[in-house]
Amino acid sequence: MAAAMLSSSLFPTTHLNKPLTSQFRPLSFRPSFSRIRASLLQDKEDKVILQDSFPSKTASPFDSATGSNASDDSVSSPSAWEKGVIKVEQSVNIFLTDSVIKILDALYHDRNYARFFVLETIARVPYFAFMSILHMYESFGWWRRADYLKVHFAESWNEMHHLLIMEELGGNAWWFDRFLAQHIAIFYYFMTALMYAISPRMAYHFSECVESHAFETYDKFIKEQGEELKKMPAPEVAVNYYTGDDLYLFDEFQTSRVPNTRRPTIENLYDVFLNIRDDEAEHCKTMRACQTHGNLRSPHSYAEDNDESVCTLEAGCEGIVDCIKKSVTSNPAKVKNNNG
């Protein structure tokens, strides 16, 4: 009794957070815990019904928009050994994701904005790690694919604005929440960087697991609290981000969409969370596309130049072992002459 009174006096709750104890139950409390499904080994979508994933490197978002289909003959199916490796990678990712979700469920079962703040602090980290490793590869001349850097930066920019929105809503009010989120982020950064150096496919799948959980969390929240959210004003940072004049980076992270085809309308807090949820769905699709090496291109690059040779001749590698191997066996001068 005394502990409850002390907690309520030191840490005030918001209008939405307080009544959600009995209404908003975390995903792990459902009878059957939702697990992230394998990305490369299954063709069907999970509970989260997203648009079709980014097409193979022989197609562009413009082909999807016009209804044309490109052949997937150039994409070879994985061998039995590779399938086994993929299963192990994804099993580890699912175990790690489930473990983190259980911790968040225990700490934030009735404090939604604080949970969202922690999620968004963590969600930005993989894109920092990806760019760090790719910049290192660039320094050694192992990597020359700018599209990956452009898209990952746009993804981090999107997640940063999600974080700013949660801060404006008071999600970072408690010192403990800031301490926990920031220290998890530090550990997560080094873990993801190491994972990405060893197996980019595994790192991208792990990020897909995190983004999928974020989607489900926001989807559950807006379904439970939709009517109340519609009565509340949208944070200024959300209005500026989603309806601003310069939406280049907003289009850039949505690699399965033609630029300028998604323009949100923000009238209330419900619209804000609806668009955040949809952003997470776009991150899922991009992370799934990245799990096939060389399958990612900036959506703006298709609009600027549909010549696939721009992408195919650029230096690239899949993990540090592959990078070192190619640096020893390949002829940099030949690649330079082909690009010239």
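**A buried threonine, two cysteines and a helix pair**

Let me begin with T97, which is buried, its relative accessible area being 4%. Before going further I should say that this is a predicted model, and everything I describe today is read from that model.

T97 belongs to helix 3, the helix that spans residues 80–107. If we set aside the neighbours within four places in sequence, the residues in contact with T97 are F206 and C209.

That brings me to C209, and to a question that a cysteine tends to raise: how many disulfides does a search of the whole structure find? The number is zero. For C209, the closest cysteine sulfur is in C284, and because that sulfur lies 9.0 Å away, it is too far for a bond, given that a disulfide would need the two sulfur atoms within 2.5 Å. Seen from the other side, C284 is likewise in no disulfide, with the sulfur of C209 as its nearest cysteine sulfur.

Are these two cysteines, then, buried or exposed? C209 has a relative accessibility of 0% and so counts as buried, and C284, at 5%, counts as buried too.

Let me turn now to helix 5, residues 125–139, and helix 6, residues 146–168, which pack with their axes 9 Å apart and at an angle of about 155 degrees. Since angles over 145 degrees count as roughly antiparallel, that is the description that applies to helix 5 and helix 6. As for handedness, the crossing of these two helices is left-handed.

Which residues does helix 5 bring to this contact? They are Y127, F128, F130, M131, L134, H135 and E138, and they meet Y148, L149, H152, F153, E155, S156 and E159 of helix 6. Sorted by character, the residues of this contact comprise eight nonpolar, three polar and three charged.

I will finish with a residue in a loop, namely S256, which is found between helix 10 (248–252) and helix 11 (269–290). Although S256 sits in a loop, it is buried, with a relative accessible area of 13%, which is under the 20% that the term requires. Along the chain, S256 and R297 are 41 residues apart, and in the model their C-alpha atoms are separated by 9.6 Å.

Note on methods:
Residues numbered from 1 in each chain as written. Predicted model: local features only at pLDDT ≥ 70, side-chain atom pairs only at ≥ 80, totals over all residues. Heavy atoms only, no water. Axes fitted to C-alpha atoms, helices over the stretch in contact; angles between N-to-C directions. Helix = DSSP H or I, 4+ residues; strand = E, 2+ residues; numbered from the N terminus. Parallel < 35°, antiparallel > 145°, perpendicular 65-115°, else oblique. Left-handed = near helix turned anticlockwise from the far one by under 90°. Contact = heavy atoms within 4.5 Å. Nonpolar A, V, L, I, M, F, W, Y, C, P; charged D, E, K, R; others polar. Buried < 20%, exposed > 50% of the residue type's maximum accessible area, 1.4 Å probe, protein only.
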